[in-house]
Amino acid sequence: MNILQHNYQQVKAAIAAAEAAAGRPAGSVALVAVGKTFPAADIRAVYAAGQRDFGENYIQEWAAKADELADCADIVWHIIGQVQSNKTRQVAERAHWVHTIERLKTAQRLSDQRPDDMPPLQVCIEVNIAAEPNKHGVAPEEAVALACAVAALPRVQVRGLMCVAEAAAGEAALRAQFGQMQQLLAQLQAKGVAADVLSMGMSADMAIAVASGATHVRVGSAIFGARDYPQR
């Protein structure tokens, strides 16, 4: 077992402990392992340890990794970064999930470009839950309406909501932000959208997110290590 596989097992154990502490069923929280800036070889090592869901932020970087890992037939790719208009086609044709829908236009392009012989693209609406000016996502009061509009499109399926909580927030503020996400999901469900996903929580706030109802946590550095971001 290499260090990445060891880290992966530690994260899985931490998720299991958080589930138990929150009184949630074992296995109720899915891990999305975030490999941005790390090579395909690192993803392959974590894949070999049993992980199947991987998140990527940068479309070109992800596409190159997807090519290199094409032999990993059951890998599930989650796009967790912004999808620019000129990148929607390769996402529509190759990704399984997009967590970062914040505009109807983007969802329409993904729907139009999703091949008919593929399952619907699973999407989440990104919510700027703390109203931070440097964060992507729609305002909380706009999230349900956008989700309902996207749900009407063919070849995409609205699964729920995603957020990146305020990095400097204390536990009480994090619980409030994640709690508001729960309320928004309930409002979306009340509109008749069969949404069941709350994509929230990362390496630093994962346990609080699990206690607050997260169904998917996005963990990168705790598995792959500290990132050395390239100039973009």
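Trainee: Which parts of the structure do the buried residues of helix 3 pack against?

Mentor: Keep in mind that this is a predicted model. The buried residues of helix 3 include Ile 59, Trp 62 and Ala 63. Together, the buried residues of this helix pack against helix 2, strand 2, strand 3 and helix 4 (88-94).

Trainee: Which residues are linked with Glu 56 in a network of salt bridges?

Mentor: Let's start with helix 3, where Glu 61 and Lys 65 are among the buried residues. Side chains of opposite charge can pair when their charged atoms come close. Here the network joins Glu 56 to Glu 61 and Lys 65.

Trainee: Is Asn 57 buried or exposed?

Mentor: Asn 57 is found in the loop between strand 2 (53-56) and helix 3 (59-68). Its relative accessibility is 16%, and buried means under 20%. So Asn 57 counts as buried.

Trainee: Which residues does Asn 57 touch, leaving out those up to four places away in sequence?

Mentor: Look around that loop between strand 2 and helix 3. One of the residues in contact is Lys 36, which is in the loop between strand 1 (30-34) and helix 2. The full set is Val 34, Lys 36, Ile 80, Gly 81 and Gln 82.

Trainee: What does UniProt list for Lys 36?

Mentor: First, the setting: Lys 36 has a relative accessible area of 14%, so this residue is buried. The UniProt entry is unreviewed, and for Lys 36 it lists "modified residue: N6-(pyridoxal phosphate)lysine".

Trainee: Where does UniProt place the feature "domain: Alanine racemase N-terminal"?

Mentor: This one also comes from an unreviewed UniProt entry. Over the stretch in question, the chain is 39% helix and 19% strand, with the end C-alpha atoms 25 Å apart. UniProt places the domain at residues 18-227.

Trainee: At what angle do the axes of helix 1 and helix 2 cross?

Mentor: Two packed helices are described by the angle between their axes and the distance between the axes. For helix 1 (residues 3-21) and helix 2, the axes come within 9 Å and cross at roughly 55°. That makes helix 1 oblique to helix 2. The angle you asked for is roughly 55°.

Trainee: Which residues of helix 2 make the contact with helix 1?

Mentor: Helix 1 passes helix 2 in a right-handed crossing. On the helix 1 side, the contact is made by Leu 4, Gln 5 and Tyr 8. On the helix 2 side, the residues are Asp 42, Ala 45, Val 46 and Ala 48.

Trainee: How many salt bridges does the structure hold?

Mentor: Let's look at one of them: Arg 44 pairs with Asp 71, and their closest N and O atoms are 2.9 Å apart. That pair links distant parts of the chain, with Arg 44 in helix 2 (residues 40-48) and Asp 71 in the loop between helix 3 and strand 3 (76-79). Arg 44 is partly exposed at 32% relative accessibility, whereas Asp 71 is exposed at 54%. The total for the structure is 10.

Trainee: How far apart are the closest N and O atoms in the salt bridge of Lys 135 and Glu 132?

Mentor: Check the surroundings first. Lys 135 counts as partly exposed at 24% relative accessibility, while Glu 132 counts as buried at 15%. The closest N and O atoms of this pair are separated by 2.5 Å.

Trainee: Why are Arg 175 and Glu 171 separated by about one helical turn?

Mentor: These two form a salt bridge, with the closest N and O atoms 2.9 Å apart. Arg 175 is partly exposed at 37%, and Glu 171 is partly exposed at 46%. They are about one helical turn apart because, in helix 7 (residues 171-190), their separation is 4 residues.

Trainee: What distance separates the C-alpha atoms of Pro 120 and Trp 97?

Mentor: Pro 120 is in the loop between helix 5 (104-113) and strand 5 (121-127), and is partly exposed with a relative accessible area of 39%. Not counting residues up to four places away in sequence, Pro 120 touches Arg 114, Arg 155, Val 156 and Gln 157. Pro 120 and Trp 97 are 23 residues apart in sequence, and their C-alpha distance is 9.3 Å.

Methods:
Residues are numbered from 1 along each chain as its sequence is written. This is a predicted model: local features need pLDDT of at least 70, side-chain atom pairs count only at pLDDT 80 or more; totals for chains, interfaces and linings use all residues. Side-chain values use heavy atoms; hydrogens and water are left out. UniProt positions are given in the numbering used here, feature names are shortened, and annotations may be inferred rather than shown by experiment. Helices (H or I, at least four residues) and strands (E, at least two) are DSSP runs, numbered from the N terminus. Buried means under 20% relative accessible area, exposed over 50%, partly exposed in between (1.4 Å probe, protein chains only). Contact means heavy atoms within 4.5 Å. A salt bridge is a side-chain nitrogen of Lys or Arg within 4 Å of a carboxyl oxygen of Asp or Glu. Axes are lines fitted to C-alpha atoms, for helices over the stretch in contact, and angles run from 0 to 180 degrees between N-to-C directions. Angles under 35 degrees count as roughly parallel, over 145 as roughly antiparallel, 65 to 115 as roughly perpendicular and the rest as oblique. A crossing is left-handed if the near helix is turned anticlockwise from the far one by less than a right angle, and right-handed if clockwise.
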